[in-house]
Amino acid sequence: MSSATAIPISRGLGDLWEVQKPSTGTVRVIKIRIKDETCDVDSKREKTNSVENDFNALRELVSETEACYILFRKSDSQWFFISFVPDRAPIADKLVYAATTSPLKHNLGGSFIDDFRFDKIAEFNWTSYLESKKPVKCLSEREKQIEKLNEMEAQARREQEEAASRKLRSSSTSTTSPSGTASDKTRSLSPVDRKPSVGSSSTTPASPKTTKAPSAIAKPAPPLSSVSTSTSSGVSGLAAKFEYMNTGELSTSPSASRPVQEEHVRVDGIGGYHTVKLPLSSSATTALSQYKTNTINFIELQVTEDPEEIVAAYTGSIPVGSVGSRIITTEPRFYLYNFMSPSALAPKSLFIYCCPDKSPAKMRMVYSTVKPTVSKEISVAGINLAKNFEIRGPEEFTVQQINDALRPSHASYEPAKSTTTNKSRTVEAPHPVYSMIGGEAHSGSTKKKITLPPSGAYE
């Protein structure tokens with residue numbers, strides 16, 4: 001680390017700086033070099049109409065073998081301090097200029113908006129300077145998606161508050177006396193102050209946490225006992241919002257703008273769509289009842305678009321070896337399987353959420369937000385889940401993997417060893433240092449008392 005030098009500034013530099021430092025000055029550039037142990041003016045340039053051109057022209061003032069300082073006027077009384085020490089400059093100059101930087105800035109008043117240290121001529125570039133001043137916002141792709149999701153949620157809340165306010169004004173207008181006094185009073189209130197009285201249901205705005213949930217993403221499923229073979233799905237509602245999160249564009253299809261039944265669909269969470277509550281269809285409710293009575297042991301649950309609900313796409317009784325063939329590999333799905341192990345006394349219910357890697361991103365997001373609702377509805381139906389699985393394909397749901405997941409984990413346990421009741425003992429022995437001396441120093445009565453720990457203390 002270099003020490004500061006006591007090199008002063010010359011009278012000429014001090015007088016020039018005193019005149020040109022204010023906004024009234026006409027000089028754009030002052031080049032300073034150390035001569036005869038004094039910081040003196042080497043050259044100067046008048047300012048032109050272009051700051052960019054003047055800054056780029058600094059390349060003509062410097063040399064690859066000569067260190068210097070440059071004072072550059074950005075605008076009015078705003079100045080840059082530039083220390084230019086090229087790699088090919090003499091070692092002595094490098095040391096002197098590095099040690100003189102702080103004293104020179106102090107002698108000049110230290111009022112510089114930027115301080116640069118260049119070692120290459122190419123660094124005198126105005127475009128590079130502007131790029132360096134841009135704010136750096138390093139966000140991962142996931143953070144960018146979360147940021148867009150938060151913006152969409154805030155926008156949805158604002159729209160909901162405006163709709164509730166319009167509904168309240170409309171209701172107040174319909175019940176106003178001919179004189180219009182009540183209507184005028186309602187208009188004078190802010191949306192926050194327009195709180196309905198207790199017990200009023202016609203003008204109660206929805207809670208900010210409850211928004212018209214977007215539509216789900218799959219087509220209507222086949223009947224309860226049929227096999228679902230269709231994997232193509234539309235995108236609407238919530239999927240459209242997630243489409244905006246990924247592509248920056250909202251879907252304008254008619255299905256995306258279809259109104260949603262607010263009393264059936266609910267979006268909860270702060271900072272993003274964490275949970276979407278969709279109702280169970282009659283087929284799903286019937287399937288859960290049959291599953292509970294062991295009439296069937298396998299259910300495939302699918303989120304549909306019209307109507308917006310959770311349906312049972314397939315039900316039946318199949319062996320564990322056939323479960324993999326029933327798992328869809330192109331779209332997310334929920335599965336419920338009653339697994340019976342040969343060594344178990346009773347079957348165990350397994351909840352499986354399969355989200356294949358090649359499934360559309362919008363569908364993955366929708367299914368992940370619906371998952372808590374499906375799990376809760378299963379519990380409400382009286383089905384106790386022994387294990388939850390999150391897989392990406394049938395290869396992650398084999399008999400071996402199921403048994404490993406259900407096997408209780410026994411922590412290694414060793415009984416504590418009994419502590420000994422022996423007391424420490426004190427013995428007398430020659431001090432070890434005397435074994436190095438030898439002779440008579442070792443003999444005699446010079447001994448050291450050594451306390452031995454009880455037996456088993458370090459076992």
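Me: In this predicted model, why are R11, E18 and V19 of helix 1 called exposed?

Reply: The cut-off for exposed is over 50% relative accessible area. R11, E18 and V19 count as exposed, so each passes that cut-off. They sit on the other side of helix 1 from its buried residues.

Me: Which residues of helix 1 are buried?

Reply: L13, L16, W17 and Q20 are. Buried requires under 20% relative accessible area, so these four fall below that value.

Me: What makes these buried residues line one face of helix 1?

Reply: Look down the axis of helix 1. The buried residues fall within an arc of 100°, so they line one face.

Me: What covers the buried residues of helix 1?

Reply: The cover includes strand 1, strand 2, strand 3, strand 4 and helix 3 (91–107). Helix 1 (residues 11–20) lies across strands 1 to 4 and runs at about 40° to strand 2.

Me: Strand 2 belongs to an open sheet with the order 2-1-3-4-5. Why are strand 2 and strand 5 called its edge strands?

Reply: Look at the partners. Strand 2 (38–46) and strand 5 (114–118) each pair on one side only. That is what makes them edges. The sheet has five strands and mixed pairing. Its neighbouring strands are turned by 20° against each other on average, direction ignored.

Me: How do you know that strand 1 and strand 3 pair?

Reply: Pairing takes at least two bridges. Strand 1 (residues 27–35) and strand 3 (residues 68–75) have four, so they count as paired. The sense is antiparallel. Within that pair, I32 stands opposite Y69 in strand 3.

Me: Strand 8 and strand 9 have bridges too. How many join them?

Reply: Six bridges join strand 8 (residues 298–303) to strand 9, and the two run antiparallel. At least two are needed, so this is a pair. L301 stands opposite A312 in strand 9.

Me: Which helices lie on these strands?

Reply: Helix 8 (residues 282–292) lies across strands 8, 9, 10 and 11, at about 40° to strand 9. Helix 10 (residues 361–380) touches strands 8, 9, 10, 11 and 12, and its direction makes about 165° with that of strand 11.

Me: What makes one side of helix 8 its buried face?

Reply: Its buried residues are S283, A284, A287, L288 and Y291. Down the helix axis they fall within an arc of 135°, so they line one face. They pack against strands 8, 9, 10 and 11 and helix 10. The face turned away carries the exposed residues S282 and K292.

Me: What makes a group of residues a nonpolar core here, and how many residues has the largest?

Reply: The members must be buried, of nonpolar type, and joined through side-chain atoms within 4.5 Å. The largest such set has 23 residues. Those with the most contacts inside it include I299, L301, F334 and I378. Helix 8, strands 8 to 11 and helix 10 each give two or more residues. Helix 10 gives the most, with six.

Me: What does I378 touch, leaving aside its neighbours within four places in sequence?

Reply: I378 is in contact with L288, L336, F351, I383 and L385. Contact requires heavy atoms within 4.5 Å, so each of these partners meets that limit. A second, separate core has 19 residues, among them I32, I34, W79 and L108.

Key. Residues are numbered from 1 along each chain as its sequence is written. This is a predicted model: local features need pLDDT of at least 70, side-chain atom pairs count only at pLDDT 80 or more; totals for chains, interfaces and linings use all residues. Side-chain values use heavy atoms; hydrogens and water are left out. Axes are lines fitted to C-alpha atoms, for helices over the stretch in contact, and angles run from 0 to 180 degrees between N-to-C directions. Buried means under 20% relative accessible area, exposed over 50%, partly exposed in between (1.4 Å probe, protein chains only). The arc is that of the directions from the helix axis to the C-beta atoms.
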